[in-house]
Amino acid sequence: MANIGYVGLGVMGSRMVKRLLDAGHTVTGYNRTKEKCAWLIEAGLRWADTPRAVAEAADITFSMVTDTRAVQAITQGPNGIIAGLGPGKIYVDMSTMSPAYSRELAKQVAACGAQMLDAPVSGSVITLEQGKLSIMVGGPEDAFRKAEPVLKEIGPKVTHVGGNGLAVSMKIAINLSLAVQMLAFSEGILLAEKSGISRETAVDVLTHSVIGSQMVQYRGPFVLKMPEEALFDCTMMQKDMLLAMELGRHLDVPLPTTAVTNEFLTAARGMGLGKQDFAVIFEVLARMSGIGK
């Protein structure tokens, strides 16, 4: 069994840690708010007072936080993860952040004698709890092979995509597609509804048609009833869309549908819907169509 560390015990991170504990691994963890982790401590999590203490205690340290700035906050300074790394250790960041900063961070980790992998995930809490999460990994091949057995405890599909930063780029490519699909699905539903077809029937037909991707099948029904807790809210999705457009400008790749969908996320936030699942862009389009509030 592995000696693991985990920094950032939010909705996804906490459930990943529970899977690792259930698999018999030793896990030392840190979260900005300790009270939210009481249930994990009861389940066997060893608490550490700083990210540095987590890295010092573990052979493989994971982290998952909201964005690039949050990654900087947990990795830098005297109490950061980097300060606790050393020869032979591996740092695996599962956040969706700037690929350029991910590569810079990998250089800082290497200067400590350790190795870094970027390993964002594709899926939601539902996917994770069903044991169907997929993980993309960027970084040195030897570090990947060492971390692979632990990664497979989190999700069964683990793919090494290349060097540092490339897994984050892959995750950004996936997420822009999710939001764009959701907007296109919303357009189809509203066109059918205003033609005289019930919304329920339109959702049933579209989710079982040739456009019924996995995302459409589990998120499409949200246009009928939004979840009480967002799987991935508008603010978080817009962060990823902005990363995509930044990467597109850097690589000279036009992203027209990404740019349009991003504006609908801005509109959702302007309507006070930013904390709802990004599927709420249907509500934005519905209001513009004269349906709903």
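A crossing of two helices is left-handed if the near helix is turned anticlockwise from the far one by less than a right angle. The views below are all taken from a predicted model.

**View 1. Helix 8 crosses helix 11 in a left-handed manner.** Two packed helices are described by the angle between their axes and the distance between the axes. For helix 8 (residues 166–195) and helix 11 (residues 234–251), the angle is about 120 degrees and the axes lie 9 Å apart. Helix 8 contributes Ser169, Ile172, Asn175, Leu176, Leu178 and Ala179 to the contact, and these meet Met237, Asp240, Met241, Leu243, Ala244 and Leu247 of helix 11. Nine of the residues in this contact of helix 8 with helix 11 are nonpolar, two are polar and one is charged.

**View 2. Asp240 is a buried residue of helix 11.** The relative accessible area of Asp240 is 1%, and the residue therefore counts as buried, the limit being under 20%. Residues up to four places away in sequence aside, Asp240 touches Thr96, Ile172, Asn175 and Phe232. Among these, Ile172 and Asn175 belong to the helix 8 side of the contact shown in View 1.

**View 3. Helix 8 is followed by Gly196.** The 30 residues of helix 8, at 1.5 Å a residue, should span 44 Å. The C-alpha atoms at the two ends of helix 8 are 44 Å apart, in agreement with that expectation. Gly196, the residue after helix 8, has a positive phi, near 115 degrees.

**View 4. Glu129 and Arg15 form a salt bridge between their side chains.** This is one of the 10 salt bridges that the structure holds. The N to O distance between Glu129 and Arg15 is 3.2 Å. The pair links distant parts of the chain, with Glu129 in helix 6 (residues 125–129) and Arg15 in helix 1 (residues 11–22), 114 residues apart. Glu129 counts as exposed at 53% relative accessibility, whereas Arg15 is partly exposed, with a relative accessible area of 26%.

**View 5. Arg219 and Asp277 form a salt bridge between buried residues.** The side chains of Arg219 and Asp277 meet at 2.7 Å, N to O. Distant parts of the chain are linked by this pair: Arg219 lies in helix 10 (residues 214–219), and Asp277 lies 58 residues away in the loop between helix 12 (256–270) and helix 13 (281–288). Arg219 has a relative accessibility of 2% and counts as buried. Asp277 likewise counts as buried, at 1%.

**View 6. Glu141, Arg145, Glu148 and Lys152 are joined into one network by salt bridges that share partners.** In one of the salt bridges, the side chains of Glu141 and Arg145 meet at 2.7 Å, N to O. Both residues, Glu141 and Arg145, lie in helix 7 (residues 141–154), four residues apart, which is about one turn of the helix. Glu141 counts as partly exposed at 38% relative accessibility, and Arg145 is also partly exposed, with a relative accessible area of 46%.

**View 7. Val223 is a buried residue in the loop between helix 10 and helix 11.** Its relative accessible area is 7%. Apart from neighbours within four places in sequence, Val223 is in contact with Met182, Phe185, Arg199, Val203 and Phe282. One of these partners, Val203, is 20 residues from Val223 along the chain, and the C-alpha atoms of the two are separated by 8.1 Å.

Notes: Residues numbered from 1 in each chain as written. Predicted model: local features only at pLDDT ≥ 70, side-chain atom pairs only at ≥ 80, totals over all residues. Heavy atoms only, no water. Axes fitted to C-alpha atoms, helices over the stretch in contact; angles between N-to-C directions. Contact = heavy atoms within 4.5 Å. Nonpolar A, V, L, I, M, F, W, Y, C, P; charged D, E, K, R; others polar. Salt bridge = Lys/Arg side-chain N within 4 Å of Asp/Glu carboxyl O. Buried < 20%, exposed > 50% of the residue type's maximum accessible area, 1.4 Å probe, protein only. Expected span 1.5 Å × (residues − 1).
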